Amino acid sequence: MTDELDVAVDAAREGGAIALAHRRHGVLAEWKGVGDVVTAADRAVQETIVRAVSEAFGGDAIVGEEGGPAPDEARLRGRRRWYVDPIDGTTNYLKGRHWWGVSIAFVDVDDRLAAGVVHLPVLGETYAARRGGGAWRDGEPVRVSSVTDLAEALCSSGFPGAASMREASEGNLPIWQRVMRRALSVRATGAVAPDWCSVACGQADGAWTLGVGRWDIAAGTIIAREAGARVTDLDGAELDGPATSGVVAAPGIHDALLALIRGEGG
């Protein structure tokens, strides 16, 4: 029987190799809108992933960042479906920075995240998780940090430049200030999926996002959760399916971080 996680891992790695090849030969970029860049590599990687998933699971829906408006989420409920971000961190990719990745997540007919992969091509790392089966980096188990004091926590968030996300980015500024006053340090790295994997493996302790595409955090959500992180929406309810915002953190600091994000502390 074909395994969804195996298909996702192979597709993510193949997509990552294509993205690296494009970068070696020159990145062709265009603008989808103000502050919203896309490259030929984004499209090539997504086409590769869509082909791989379609060949293995022809009846499944695929929701990708590139290639037109995302379908209404309500119409997808109860269907097997995949969320694909061919290059999460496109600006980093375009500028030659290392912090970007290929993100693929599978959601089952119960609308639950069942498998996820984030492949970081420049680092040569692949994070993967299946529901109830733990999380790994290159085949080795990963685990969230044991930090319990926000003053010892490294956190991250971001400020997307696209006009469609400007309101969320501006709303994040006061949150950033509150967290900065309490945490050890805060980073804006420009790629959500790698950030959430950093929490999963204990290289960071918390992260949050106020509004992105479901493809941005779907894989990171299951990877972090299976590594022992608490992953919730902005109201504190556990995330079990694809979402556009959320908080991921080591269990020992999650509530304190969430309180600051909600303006209840700091």
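This is a short talk on the cores, aromatic pairs, helix packing and a few single residues of one structure.

Okay, before anything else: what you're looking at is a predicted model. Let's start in the middle and work outwards.

The largest nonpolar core has 57 residues. If you want to click on the ones with the most contacts inside that core, go for L150, C155, V179, W208, I223, V248 and L257. Which helix gives the most to this core? That's α7, residues 214-226, with 7 residues. Apart from that core there's another one, of 24 residues, and V7, V53, I87 and A128 are among them. As a general point, nonpolar side chains in soluble globular proteins tend to be buried together.

Let me stay with C155 for a second. Skip its neighbours within four places in sequence, and C155 is in contact with L150, V179, A183, S185, V186, R187, G206, W208 and L257. So L150, V179, W208 and L257 come back here as contacts of C155, and they were also on the list of residues with the most contacts inside the largest core.

Now, helices. I said α7 already, so let's look at what packs on it. Helix α6 covers residues 192-200, and its axis and that of α7 are 8 Å apart, at an angle of about 5°. Parallel or antiparallel, then? With that angle, α6 is roughly parallel to α7. On the α6 side the contact is made by V192, A193, W196, C197 and A200, and on the α7 side by D216, I217, G220, T221, I223 and A224. Sort the residues of that contact by class and you get 8 nonpolar, 2 polar and 1 charged. And here's I223 of α7 in the contact, a residue we met in the largest core.

How many residues of α6 are buried? 9 of the 9, so α6 is largely enclosed by the rest of the structure. That list takes in V192, A193, P194, D195, W196, C197, S198, V199 and A200, so if you were wondering about D195, it's buried, given that 9 of the 9 are. Just after α6 you run into G202, with a positive phi of about 85°.

The second helix pair is α5 with α8, residues 166-182 and 254-261. Their axes come within 8 Å and cross at roughly 140°, and α5 and α8 are therefore oblique to each other. I175, R178, V179 and R182 of α5 meet L257, L260 and I261 of α8. By class this contact has 5 nonpolar residues, no polar ones and 2 charged. V179 and L257 sit in this contact, and both are in contact with C155 too.

Next, aromatics. The structure holds 5 aromatic pairs. Take Y93 and W100: the ring centres are 4.8 Å apart and the planes are at 80°, so this pair is edge-to-face. Y93 and W100 are both buried. There's also one aromatic cluster, formed by F57, W82 and F106.

W100 takes us over to L20, in helix α1, residues 4-24. Leaving out neighbours within four places in sequence, L20 is in contact with W100, P121 and V122. L20 and V122 are 102 residues apart along the chain, but their C-alpha atoms are separated by 7.8 Å. Buried or partly exposed? L20 counts as partly exposed, at 24% relative accessibility.

T48, in helix α2, residues 40-56, counts as buried at 6% relative accessibility. Beyond its neighbours within four places in sequence, T48 is in contact with E14 and I18.

Then the loops. S245 is in the one between β13 and β14, and at 15% relative accessibility S245 counts as buried. Not counting residues up to four places away in sequence, S245 touches T209, L210, G211, I217, L234 and L239. I217 also turned up in the contact of α6 with α7.

Last stop: which residues other than glycine have a positive phi? One is D111, with phi near 65°, in the loop between β5 and β6. D111 is partly exposed, with a relative accessible area of 25%. Another is D138, with phi near 55°, in the loop between β8 and β9. D138 counts as partly exposed as well, at 40% relative accessibility.

That's my tour, thanks.

Technical notes: Residues are numbered from 1 along each chain as its sequence is written. This is a predicted model: local features need pLDDT of at least 70, side-chain atom pairs count only at pLDDT 80 or more; totals for chains, interfaces and linings use all residues. Side-chain values use heavy atoms; hydrogens and water are left out. A nonpolar core is a set of buried Ala, Val, Leu, Ile, Met, Phe, Trp, Tyr and Cys residues joined through side-chain atoms within 4.5 Å. Buried means under 20% relative accessible area, exposed over 50%, partly exposed in between (1.4 Å probe, protein chains only). Helices (H or I, at least four residues) and strands (E, at least two) are DSSP runs, numbered from the N terminus. Contact means heavy atoms within 4.5 Å. Rings of Phe, Tyr and Trp (its six-membered ring) pair if their centres lie within 6.5 Å; planes under 30 degrees apart count as stacked, over 60 as edge-to-face and the rest as tilted. Axes are lines fitted to C-alpha atoms, for helices over the stretch in contact, and angles run from 0 to 180 degrees between N-to-C directions. Angles under 35 degrees count as roughly parallel, over 145 as roughly antiparallel, 65 to 115 as roughly perpendicular and the rest as oblique. Ala, Val, Leu, Ile, Met, Phe, Trp, Tyr, Cys and Pro count as nonpolar, Asp, Glu, Lys and Arg as charged, and the others, Gly among them, as polar.
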